[in-house]
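Please work through the exercises below with the sequence and the model at hand. Each one sets a task and then gives a solution in steps.

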Amino acid sequence: MTVPLESVRLEVAEGVGTIRLDRPPMNALDVATQDRLKELSEEATRREDVRAVILYGGEKVFAAGADIKEMQAMDHAAMVVRSRALQDSFTAVTRIPKPVVAAITGYALGGGCELALCADFRIAADNAKLGQPEILLGLIPGAGGTQRLSRLIGPSKAKDLIFTGRMVKADEALTLGLVDRVVPADEVYTEAHAWAAKLAQGPALALRAAKESVDAGLETDIETGLAIERSWFAGLFATEDRERGMRSFVEEGPGKAKFL
């Protein structure tokens, strides 16, 4: 199965890459869209002109979840095979070694919520609704929701959302820590772009080191996490960005360094 290239595309300008879902009316994440998402995440990882990434579903909806009709046609054997590819497509987003922000408008449900969880930062419209409603289908989240949601907001809050399948509005999502900022609906992409554009001007390798240190550290004990941090910290002393940043600090004061 193929998906039209324009339905999921990577748009790049001034260091910011926007992975744009454009599959009306609800940006359902069918198999072809999942595979294309993985391809574009890997492309964003490789491309040197992409220094920060935005996940965006457009002005009306982020993504309302999987394509239920497509899933209904799958039996156990088919999903045993497909579930790995499903998770791999979302894991590819988390492994983009650059800052990633989700610009959430309208619904972010099921797979849509799980996609937002793959970002480093989440900006939601004031009319956004998020949730993991898979339990209402007799299922559980299968694209990382049971793992990433519990790590983000804690196990008891995650279990409440997963067990009940209820949707939360933007203000509750902010209180839970499910999103990081709530803005008027017509400002979501602008705010996300401002966040991404600022970081796109930062030291790329140091940002990668920071992201990988935090993410890898969360998956292990603190001693191993400190070793990961120590290795990256020392390694950055071999970079031009470190020389540039420290020289600028000494000569001009803090916060004035310009990185390539």
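## Exercise 1: Charged pairs

Arg-47 and Glu-43 are joined through their side chains by a salt bridge, with a distance of 2.9 Å from N to O. The coordinates come from a predicted model, and the exercises should be read with that in mind.

**Task.** Classify Arg-47 and Glu-43 as buried, partly exposed or exposed, and then find which residues are joined with Arg-9 into one network of salt bridges.

**Solution.** Begin with the classes, for which a relative accessible area under 20% means buried, over 50% means exposed, and anything in between means partly exposed. Arg-47 has a relative accessible area of 27%, so this residue is partly exposed, and Glu-43, with 23%, is therefore partly exposed as well. Turning to the network, salt bridges with shared partners connect Arg-9, Glu-11 and Asp-22. Within that network, Arg-9 pairs with Glu-11, and their closest N and O atoms are 2.6 Å apart. Arg-9 is partly exposed because its relative accessibility is 22%, and Glu-11 is partly exposed because its value is 34%. In the whole structure there are 16 salt bridges.

## Exercise 2: A pair along a helix

**Task.** Explain why Lys-38 and Glu-42 are separated by about one helical turn.

**Solution.** The first step is to place the two residues: both belong to helix H1 and they are four residues apart, which means that about one helical turn separates them. The second step is to look at their side chains, which form a salt bridge whose closest N and O atoms lie 2.7 Å apart. The last step is accessibility, where Lys-38 at 28% counts as partly exposed, and Glu-42 at 32% also counts as partly exposed.

## Exercise 3: Aromatic rings

**Task.** Describe the geometry of the aromatic pair formed by Tyr-56 and Tyr-189, and then that of the pair formed by Phe-233 and Phe-237.

**Solution.** A pair of aromatic rings is described by two values, the distance of the centres and the angle of the planes. The structure as a whole contains three aromatic pairs. In one of these, Tyr-56 and Tyr-189 have ring centres 4.7 Å apart and planes at 45 degrees, an arrangement that is tilted. This pair links distant parts of the chain, since Tyr-56 is in strand E3 (residues 52-56) and Tyr-189 is in helix H8, 133 residues apart. Tyr-56 counts as buried because its relative accessibility is 11%, whereas Tyr-189, at 26%, is partly exposed.

Phe-233 and Phe-237 form an edge-to-face pair, with 5.5 Å from centre to centre and 75 degrees between the planes. Phe-233 has a relative accessibility of 54% and so counts as exposed, while Phe-237, at 38%, counts as partly exposed.

## Exercise 4: Surface patches

**Task.** Find which residues gather in a patch of negative charge on the surface, and which residues make the nonpolar surface patch of about 250 Å².

**Solution.** For the charged patch, the residues are Glu-59, Asp-126, Asp-186 and Glu-187. One of them, Glu-187, sits in the loop that runs between strand E9 (181-183) and helix H8 (188-200), and at 34% relative accessibility Glu-187 is partly exposed. For the nonpolar patch, the residues are Met-26, Tyr-107 and Met-167. Of these, Tyr-107 belongs to strand E5 (residues 107-109), and its relative accessibility of 32% makes Tyr-107 partly exposed.

## Exercise 5: Backbone details

**Task.** Identify the residues joined by a cis peptide bond, and decide whether Glu-14 and Asn-27 are buried or exposed.

**Solution.** The cis peptide bond lies between Pro-24 and Pro-25, where omega is about 5 degrees. Pro-25 is part of the loop between strand E2 (16-21) and helix H1 (31-46), and Asn-27 is likewise found in the loop between E2 and H1. The phi angle of Asn-27 is near 55 degrees, a positive value in a residue other than glycine, and because its relative accessibility is 4%, Asn-27 counts as buried.

For Glu-14, phi is also near 55 degrees and so positive in a residue that is not glycine. Glu-14 lies in the loop between strand E1 (8-13) and E2, and with a relative accessible area of 77% Glu-14 is exposed.

Terms used: Residues are numbered from 1 along each chain as its sequence is written. This is a predicted model: local features need pLDDT of at least 70, side-chain atom pairs count only at pLDDT 80 or more; totals for chains, interfaces and linings use all residues. Side-chain values use heavy atoms; hydrogens and water are left out. Patches are made of residues with over 30% relative accessible area and no salt bridge: like charges are joined within 9 Å, nonpolar side chains (Val, Leu, Ile, Met, Phe, Trp, Tyr) within 5 Å. Accessible areas come from the Shrake-Rupley method with a 1.4 Å probe; for residues, only the protein chains shown count as cover. A salt bridge is a side-chain nitrogen of Lys or Arg within 4 Å of a carboxyl oxygen of Asp or Glu. Lys and Arg count as positive and Asp and Glu as negative; His and the chain ends are not counted. The place of a charge is taken as NZ of Lys, CZ of Arg, CG of Asp or CD of Glu. Buried means under 20% relative accessible area, exposed over 50%, partly exposed in between (1.4 Å probe, protein chains only). Rings of Phe, Tyr and Trp (its six-membered ring) pair if their centres lie within 6.5 Å; planes under 30 degrees apart count as stacked, over 60 as edge-to-face and the rest as tilted.
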